[in-house]
Amino acid sequence: MRVLPRHLAGPGSVDFRAIWPFPFDDDWSLHQPSKEEGAVACSPCLRLRTGYVPDPNRRGHMQWITAAHRDPFGPATWQITSDATTPVELLGDVHSELLDLYLEDRHSDKDHLFQSQTSAQEAYVPLPAHGWRHTIKTDGTQTFLAPDALSGMQHQYDRTPSSDLAPSWRIWGGRPANPDWRVQFSPSTRVALVAAFTASLLSTEPLERTVKDIPFFTRHHVSIATTMAKQNKPFPPVATPPPRPAMSRTR
């Protein structure tokens, strides 16, 4: 079935080649040792790495990690982490935007992966237009909450992070006290990637799911999208008479 809203749809099926729309048949690499170890994708320059890997903080759980490195052999410059329970379509849209940034860098002298003048507003301006409530605190935190209060975004806009990878953006779905999924973006993550996630989150395109895919608590909060079938006419159309010859008019 096809369900909305997206933030309550559940994770969906893990298909690495759909979630990672990278040109693996060309120059990107895909490593998939075993089901337990997940998979890792790398760009040819090794500056971009994204993986579906075991979560070191939760035994038996997996997580998605995407990281960009100025130096292929140095620490990550920015990083995105998300629970394995995150709707995969949202991650797919983020990786599509990431591939666009990567290709722009390859065909220009710009450095879109690490330098951008994009304002943070591009990531959250669409939220109030879709009915999300906005609160702001003097500690430099602003929060956006979905109309059903079952999804939210928190942005640290004015605080010196404890580290370069401390999350600047947090987005979740489900009950705030115990969300079904969480995604975190470090401060230097390109705003275009956060905006891609937000746009996908707000999309009204339903997601394909089975009942067991949808978290139990949120099942009565989702809507099933139906396709309107074309109605058959009960009777054949009445034949229209041939048009009458047009009468000429004298000016």
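Strands E7 and E8 (residues 141-145) pair in the antiparallel sense, over 4 bridges. One bridge joins His134 to Phe144 in E8. This is a predicted model. The pair belongs to an open sheet of 10 strands.

**The sheet**
- The strand order is E2-E3-E4-E5-E6-E11-E10-E9-E8-E7, with antiparallel pairing.
- Strand E2 (29-34) and strand E7 (133-136) stand at the edges. Each has a single partner strand, so one side of each is left without a neighbour in the sheet.
- On average, neighbouring strands of this sheet are turned by 15° against each other, direction ignored.
- Strands of a sheet pair through backbone hydrogen bonds, either parallel or antiparallel.

**A helix across the strands**
- Helix H5 (residues 191-202) lies across four strands of the model: strand E6 (78-83), strand E9 (151-156), strand E10 (169-175) and strand E11 (178-185).
- Helix H5 runs at about 150° to E11.

**The nonpolar cores**
- In soluble globular proteins, nonpolar side chains tend to be buried together.
- The largest nonpolar core holds 45 residues. Trp20, Phe22, Met153, Phe185 and Phe197 touch the most other members.
- Helix H2 (residues 88-106) gives the largest share of this core, 8 residues.
- Another core, of 7 residues, lies apart from the largest one. Among its residues are Val3, Leu207, Ile214 and Val222.

**Around Phe22**
- Leaving out residues up to four places away in sequence, Phe22 touches Trp28, Ala41, Thr50, His95, Leu98 and Leu99.

Methods: Residues numbered from 1 in each chain as written. Predicted model: local features only at pLDDT ≥ 70, side-chain atom pairs only at ≥ 80, totals over all residues. Heavy atoms only, no water. Pairing = 2+ DSSP bridges. Helix = DSSP H or I, 4+ residues; strand = E, 2+ residues; numbered from the N terminus. Axes fitted to C-alpha atoms, helices over the stretch in contact; angles between N-to-C directions. Contact = heavy atoms within 4.5 Å. Core = buried A, V, L, I, M, F, W, Y, C linked by side-chain atoms within 4.5 Å. Buried < 20%, exposed > 50% of the residue type's maximum accessible area, 1.4 Å probe, protein only.
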